[in-house]
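Hi,

Here is the structure I promised to pass on. Have a look at it first, and then read on for what turned up.

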Amino acid sequence: MKKSKLKKLFENMCCSVCKHDFDESAITIKREEEGLLVLQIVCPECGKSFGLALLGTGEDSIKEDNALEFQECPLPINYDDVLDAHNFIDKLEKDWTKYIPDEYKN
Ligand SMILES: [Zn+2]
């Protein structure tokens with residue numbers, strides 16, 4: 001995967017710490033497999049490191065019109081978000097894997 005292509009995904013995003021934009025050099029591909037891409041993004045301004053895993057990625061799936069859209073920088077995760085996630089996970093039943101598409105199961 002070319003970084004210039006990946007960059008399109010991050011055009012609308014910025015560092016949650018210092019609001020600096022990400023450029024091509026901020027992106028490091030840590031792992032690339034069929035349908036899986038693990039990226040590290042390091043803010044060129046403050047050095048904050050972000051990890052990102054993309055599922056279902058292929059050369060063709062990244063286009064100008066499906067850039068990740070965060071027009072405003074999202075707020076950092078707060079206590080309520082953690083509680084929501086906890087409650088969600090808590091309510092999952094034993095067969096929670098049914099929510100995972102078959103193509104991602106081994
Ligand atoms: Zn930053």
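Along the chain, the donors of the zinc ion follow the spacing C-x2-C-x24-C-x2-C. This is a predicted model, by the way, so please read everything below as computed from it. The four ligands are Cys15, Cys18, Cys43 and Cys46, each binding through SG, at 2.2 to 2.3 Å. What geometry does the site of the zinc ion have? It is tetrahedral, with angles of 101 to 116° among the 4 donor atoms. For reference, the ideal angle for four tetrahedral donors is 109.5 degrees. Two of the cysteines make a nice contrast: cysteine 43 counts as buried because its relative accessibility is 3%, while cysteine 46, at 37%, counts as partly exposed.

Now for the overall layout. The protein has 2 helices and 3 strands, and read along the sequence they come in the pattern α-β-β-β-α. Of its 106 residues, 19% are buried. If you take the contacts between residues at least 6 apart in sequence, 45% of them join residues at least 24 apart.

Next, the aromatics. Searching the whole structure gives 1 aromatic pair. The partners are phenylalanine 22 and phenylalanine 50; their ring centres are 5.7 Å apart and their planes stand at 75°, so this is an edge-to-face pair. Where do the two rings come from? Phenylalanine 22 belongs to the loop between α1 (3–9) and β1 (27–33), and phenylalanine 50 to strand β3 (residues 49–55), so the pair ties together parts that are 28 residues apart in sequence. Are the two buried or partly exposed? Phenylalanine 22 has a relative accessibility of 10%, so it counts as buried. Phenylalanine 50 comes out at 21%, and the cut-off for buried is under 20%, so this residue is partly exposed. Phenylalanine 50 also has a charge over its face: lysine 48 lies there, at 5.7 Å from the ring centre.

Phenylalanine 22 turns up again in the largest nonpolar core, which has 14 residues. Which of them touch the most other members? Those are Leu6, Phe10, Phe22, Leu37 and Leu39. Both α1 and β2 (36–42) supply at least two residues of this core, and the largest share, 3 residues, comes from β2.

Proline 44 is worth a look too. Its place is in the loop between β2 and β3, and it counts as partly exposed because its relative accessibility is 40%. In sequence, proline 44 and phenylalanine 22 are 22 residues apart, yet in space they are 7.0 Å apart, C-alpha to C-alpha. Leaving out residues up to four places away in sequence, proline 44 touches His20, Asp21, Phe22, Asp23 and Ala26.

One last thing, on the backbone. Lysine 19 has a phi near 70°, a positive value in a residue other than glycine. Most residues other than glycine have a negative phi. Lysine 19 lies in the loop between α1 and β1 and, with a relative accessible area of 44%, is partly exposed.

Cheers

Key: Residues numbered from 1 in each chain as written. Predicted model: local features only at pLDDT ≥ 70, side-chain atom pairs only at ≥ 80, totals over all residues. Heavy atoms only, no water. Phe/Tyr/Trp six-rings, centres within 6.5 Å; stacked < 30°, edge-to-face > 60°. Helix = DSSP H or I, 4+ residues; strand = E, 2+ residues; numbered from the N terminus. Buried < 20%, exposed > 50% of the residue type's maximum accessible area, 1.4 Å probe, protein only. Lys NZ or Arg CZ within 6 Å of the ring centre and 35° of its normal. Core = buried A, V, L, I, M, F, W, Y, C linked by side-chain atoms within 4.5 Å. Donors = N, O, S within 2.8 Å, 3.2 Å for Na, K, Ca; no water. Tetrahedral: all angles 85-135°; square planar, octahedral: opposite > 155°, others 65-115°. Contact = heavy atoms within 4.5 Å.
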